[in-house]
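I am opening a notebook on this structure and will write down what I look up, entry by entry. The sequence and the model come first, and my notes follow.

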Amino acid sequence: MDTESLKSLGTLVFWGLLFFLVMRYGCGAHIMGGHGHHGGHGKADDTAEGQAKDPVCGMAVDRDKSTATGVYRGTTFYFCSTSCHDKFEREPAKYAAAPVRDEHQHGGHHHG
């Protein structure tokens with residue numbers, strides 16, 4: 001193989017890997033069905049077996065593979081991302097008491 005072919009192959013592998021990581025662990029995971037789940041006591045807003053709702057964005061989260069968890073007044077909450085977890089930690093009473101907002105449908109959910 002010549003140098004130009006190796007550069008092209010390397011570029012293709014790089015972008016393919018980056019795409020995979022974003023779809024698996026980043027914002028693309030929301031589109032593909034979520035980041036994961038977590039097990040615990042005092043489960044907040046269960047959806048299906050092994051599932052909970054992220055109190056910030058409303059996304060279904062697998063409790064066994066959740067990106068982050070938080071406990072507020074004895075209840076464990078599960079989060080799809082560290083961004084949602086950080087928002088919850090800043091104002092836990094707001095998210096624990098309020099009905100879950102579905103920001104994904106309205107374009108209001110942003111990581112970062």
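How many salt bridges does the count come to by the rule used here? I looked this up in what is a predicted model, and the count comes to one salt bridge. The pair is E91 and K94, whose closest N and O atoms lie 3.8 Å apart, and that falls inside the cut-off of 4 Å for such a pair. I then checked how far the two partners are covered, and noted that E91 counts as partly exposed because its relative accessibility is 41%. K94, at 40% relative accessibility, also counts as partly exposed.

Entry on the whole chain. I went through the secondary structure and found four helices and four strands, which follow the pattern α-α-β-β-β-β-α-α when read along the sequence. I noted that 32% of the 112 residues count as buried, and that the protein exposes about 7,100 Å², of which carbon and sulfur atoms supply 58%. For contacts between residues at least 6 apart in sequence, I wrote down that 53% join residues at least 24 apart.

Entry on confidence. Before going into detail I looked up the pLDDT, which has a mean of 75 over the protein, with 66% of the residues reaching 70 or more. Over residues 35-46 the pLDDT stays under 50, although the model has 54 contacts for this stretch beyond four places in sequence. Residues 100-108 are also below 50 in pLDDT, and there the model has 20 contacts beyond near neighbours in sequence. I keep a caution beside these two stretches: where pLDDT is low, the predicted coordinates should not be read in detail.

Entry on β3 and β4. I followed these two strands and found that they pair in the antiparallel sense over five bridges. Within this pairing G70 stands opposite F77 of β4, and V71 has T76 of β4 as its bridge partner. Which side chains of β3 are buried, and which are not? Along the strand they alternate, with A68, G70 and Y72 pointing to one face and buried, whereas T69 and V71 point to the other face and are not buried. I set a general remark next to this, namely that in a regular strand the side chains alternate between the two faces of the sheet. For β4 I noted that four of its five residues are buried, so that the strand is mostly covered.

Entry on the turn of this hairpin. Two residues lie between β3 and β4, and here R73 takes a positive phi near 50 degrees, although R73 is not a glycine. I asked whether R73 is buried or exposed; R73 is exposed, because its relative accessible area is 75%.

Entry on A68. This residue of strand β3 has a relative accessible area of 12%, and A68 is therefore buried. Leaving aside residues up to four places away in sequence, I found that A68 touches F77, Y78, F79 and H85. One of these, Y78, is 10 residues from A68 in sequence, with 6.2 Å between the two C-alpha atoms.

Entry on helix α3. I looked up the buried residues of this helix, which spans residues 82-90, and they are S83, C84, H85 and F88. What covers them? The cover includes β3 (68-72), β4 (75-79) and α4 (92-97), and H85 is one of the residues that A68 touches. A general point belongs here: an α-helix has 3.6 residues a turn, so residues three or four places apart point the same way.

Last entry, on D54. I found D54 in the loop between β1 (51-53) and β2 (60-62). Is D54 buried or exposed there? D54 counts as buried, because its relative accessibility is 0%. I then looked for what its side chain reaches, and noted the backbone nitrogen of C57 at 3.4 Å.

Terms used:
Residues numbered from 1 in each chain as written. Predicted model: local features only at pLDDT ≥ 70, side-chain atom pairs only at ≥ 80, totals over all residues. Heavy atoms only, no water. Buried < 20%, exposed > 50% of the residue type's maximum accessible area, 1.4 Å probe, protein only. Polar contact = N/O pair within 3.5 Å; in protein donor to acceptor, adjacent residues only side chain to side chain. Salt bridge = Lys/Arg side-chain N within 4 Å of Asp/Glu carboxyl O. Contact = heavy atoms within 4.5 Å. pLDDT = per-residue confidence, 0-100. Pairing = 2+ DSSP bridges. Areas by Shrake-Rupley, 256 points an atom, 1.4 Å probe, with all protein chains shown as cover.
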